[in-house]
Amino acid sequence: MKNMEEKHEVRRSRCDIREETDSIIMRLEMPGVNKSGLNVNVEGDKLIIDGKRIQDTREGEWLVREIRPGDFHMEYTIDKTIDRGSIEASLKQGILTLTLGLSESVKPRKIDVISK
Amino acid sequence: MELMKRNPRKSDDAWNNLMTLQREINSLFENDFFPASDGLFDRTYSPAVDVVEKADEYLVSCELPGMAESDIDVQVADNVLTIKGEKKDDSEDSGKRWYKRETWQGSFQRTIPLPSGIESDKIRGELENGMLRLTLPKREEVKPKQITVKVK
């Protein structure tokens, strides 16, 4: 807490999470982040999302300042229901969509009943 | 006479610590975490805006994630900048299980009063990575001029 000005600020993005039949869809609003600034990692039970924003040149006088400064950083805990091998990410117009595939064991399975 | 030290207070000074705390608390209020709305038709939910004045132009940034050019309408009339549009949700809402819903949908409008002296026909706008950036150049007569004074 020594110097607030120099502290690297992080912000959390607005997030929608919904369930589809065989996947979980996460939708995160990350305005100002492009593909090269985005990093999505899975470390053990943690899904870590980092988004570096393209910083505007800050010279000049601020007349209105509502956009929170700082890069995006979010951590989510994922459990065994998520198949680590089938996580897909796409970034479009500042929206990151993550498709987390559910593992085979939790997917609904249809069992054929044979009548004799 | 000896020269005075510029900052005679030591770092472990209790008063100095108190001043540091005050400064840190004040810095919490420097950023508007929630977009403020001043315009008559502005909604509570509206995209955050930054306005920066430079020597020869004004820069307006607006966070519009997930929006296409066709969803946004930018107008300048009588020195009032209006950014309006419709934020649509691409996913259908039928019978899905939501765990979290933090984003907002719907139409929005932001009106920003501009200082006079803007060349309104030279305003440029670009939309990239969900950020709208507008460049509003100042008129020649309001730009700060460097006047060199010759010393004889």
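These legends go with close-up views of a predicted model.

**View 1. The four-stranded sheet of chain A.** Here we're looking at an open sheet of four strands in chain A, in the order β1-β7-β5-β4 and with mixed pairing. Its edge strands are β1 (10-11) and β4, and each of them pairs on one side only. As a general reminder, strands of a sheet pair through backbone hydrogen bonds, either parallel or antiparallel.

**View 2. The hairpin of β4(A) and β5(A).** Strand β4 (residues 33-43) and strand β5 (residues 46-53) of chain A run antiparallel, and seven bridges hook them up. If you want a pair to look for, Asn39(A) has Asp50(A) in β5(A) as its bridge partner. Two residues sit between the strands of this hairpin, and Gly44(A) takes a positive phi near 65°.

**View 3. The other partner of β5(A).** Strand β5(A) also runs antiparallel to strand β7 (residues 71-77) of chain A, with six bridges joining the two. Look for Leu47(A), which stands opposite Tyr76(A) in β7(A).

**View 4. Where chain A touches chain B.** Chain A puts 28 residues into the contact, and chain B puts in 32 residues. On the chain A side, β2 (15-19), β4 and β6 (61-65) each chip in at least two residues. By type, that side of chain A breaks down into 12 nonpolar, five polar and 11 charged residues.

**View 5. Strand pairing across the two chains.** Four bridges link β6(A) with strand β1 (residues 49-53) of chain B, and these strands run antiparallel. Trp62(A) is the residue to find here: its bridge partner in β1(B) is Val52(B).

Technical notes:
Residues are numbered from 1 along each chain as its sequence is written. Chains are lettered from A and ligands numbered from 1 in the order in which they are written. This is a predicted model: local features need pLDDT of at least 70, side-chain atom pairs count only at pLDDT 80 or more; totals for chains, interfaces and linings use all residues. Two strands pair if DSSP finds at least two bridges between them. Two residues are in contact if their C-beta atoms, placed from the backbone, lie within 7 Å. Ala, Val, Leu, Ile, Met, Phe, Trp, Tyr, Cys and Pro count as nonpolar, Asp, Glu, Lys and Arg as charged, and the others, Gly among them, as polar.
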